[in-house]
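Please walk through the structure shown below, moving from its charged pairs to its nonpolar interior and then to the surface.

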Amino acid sequence: MGQKEHLIAMAEDEVLEYSTEARKIEKLRPKFGLAVPYPQQAKVREEILADIPDNLLAKLVETQRQTVALPFWGIGGLGLLLGISGAQPLDFIATVVGFAAAFNIQKWGFRLEAKRLAVKTLDAIESNLQAERQKTKP
């Protein structure tokens with residue numbers, strides 16, 4: 001696992017916890033500082049930023065993943081209901097497709113949110129270091 005993947009995995013762990021974004025960044029800062037040396041952080045930040053798609057669908061999934069996945073959960077549930085009640089095995093295809101689509105949309109949304117959190121954390125580290133440098137300049 002490379003440095004980029006390691007930082008994203010740490011950010012995914014924080015995304016799952018219920019707390020504010022500022023608290024998540026504060027918890028990630030020391031972890032990121034230990035995982036990636038400061039001179040390499042800018043390069044890793046650019047790599048992560050390059051992995052984040054910049055289209056409307058990706059932004060929507062990142063911010064509203066549950067809303068985007070909800071219709072697919074409904075399709076899966078409806079296919080399950082119709083497949084059981086009507087004894088029609090073809091309706092189970094809708095169940096599998098709907099549940100798989102909903103799960104993958106939510107997984108993609110979590111990953112996008114974790115990448116964005118990792119970038120924000122690296123930016124916070126950089127801004128704090130710049131502020132410290134400004135304080136110590138004579």
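In this predicted model, Asp123 and Arg45 form a salt bridge whose closest N and O atoms are 2.4 Å apart. Asp123 belongs to helix 6 and Arg45 to helix 3, so the pair ties together parts of the chain that are 78 residues apart in sequence. Asp123 has a relative accessible area of 31% and is therefore partly exposed, since that class covers values between 20% and 50%.

A second pair is formed by Glu21 and Lys120, with the closest N and O atoms 3.1 Å apart. This salt bridge, too, links distant parts of the chain, for Glu21 lies in helix 2 and Lys120 in helix 6, 99 residues apart. Glu21 is partly exposed at 41% relative accessibility, and Lys120 is likewise partly exposed, with a relative accessible area of 32%.

The side chains of Lys59 and Asp54 also meet in a salt bridge, at 3.3 Å from N to O. Of these two residues, Lys59 counts as partly exposed, with 41% relative accessibility, whereas Asp54, at 66%, counts as exposed. Elsewhere, Glu14, Glu17, Lys27 and Lys31 are joined into one network by salt bridges that share partners. The count for the model comes to 13 salt bridges.

Why does Lys115, though buried, have no salt bridge? The nearest side chain of opposite charge, that of Asp51, is 4.4 Å away, and because a salt bridge requires a side-chain nitrogen within 4 Å of a carboxyl oxygen, the pair is not counted as one. Lys115 is placed in helix 6, and when its neighbours within four places in sequence are left aside, the residues in contact with Lys115 are Ile8, Ile48, Asp51 and Ile52.

One of these contacts, Ile48, leads into the nonpolar interior. In soluble globular proteins, nonpolar side chains tend to be buried together. Here the largest nonpolar core has 21 residues, of which Leu7, Ala11, Leu28, Phe32, Ile48, Leu117 and Leu122 touch the most other members. Two or more residues are given to this core by each of helix 1 (3-15), helix 2 (21-35), helix 3 (38-51) and helix 6 (91-136), and the largest share, 8 residues, comes from helix 6.

Leu117 shows how a core residue can also touch charged ones: with residues up to four places away in sequence not counted, Leu117 touches Ala11, Glu14, Val15, Glu21, Lys24, Ile25 and Leu28. Among these, Glu21 is the partner of Lys120 in the salt bridge described above, while Glu14 belongs to the charged network. Apart from the largest core lies another, of 5 residues, which include Val68, Ala69, Ala102 and Ile105.

Nonpolar side chains also appear at the surface. Leu57, Leu60 and Trp108 make a nonpolar surface patch of about 280 Å², and Leu57 lies in helix 4, which spans residues 56-63. Leu49, found in helix 3, counts as partly exposed at 30% relative accessibility, and beyond its neighbours within four places in sequence, Leu49 is in contact with Arg116 and Val119. Leu49 and Glu62 are 13 residues apart in sequence, and their C-alpha atoms are 14 Å apart in space.

Definitions and conventions:
Residues are numbered from 1 along each chain as its sequence is written. This is a predicted model: local features need pLDDT of at least 70, side-chain atom pairs count only at pLDDT 80 or more; totals for chains, interfaces and linings use all residues. Side-chain values use heavy atoms; hydrogens and water are left out. A nonpolar core is a set of buried Ala, Val, Leu, Ile, Met, Phe, Trp, Tyr and Cys residues joined through side-chain atoms within 4.5 Å. Buried means under 20% relative accessible area, exposed over 50%, partly exposed in between (1.4 Å probe, protein chains only). Helices (H or I, at least four residues) and strands (E, at least two) are DSSP runs, numbered from the N terminus. Contact means heavy atoms within 4.5 Å. Patches are made of residues with over 30% relative accessible area and no salt bridge: like charges are joined within 9 Å, nonpolar side chains (Val, Leu, Ile, Met, Phe, Trp, Tyr) within 5 Å. Accessible areas come from the Shrake-Rupley method with a 1.4 Å probe; for residues, only the protein chains shown count as cover. Lys and Arg count as positive and Asp and Glu as negative; His and the chain ends are not counted.
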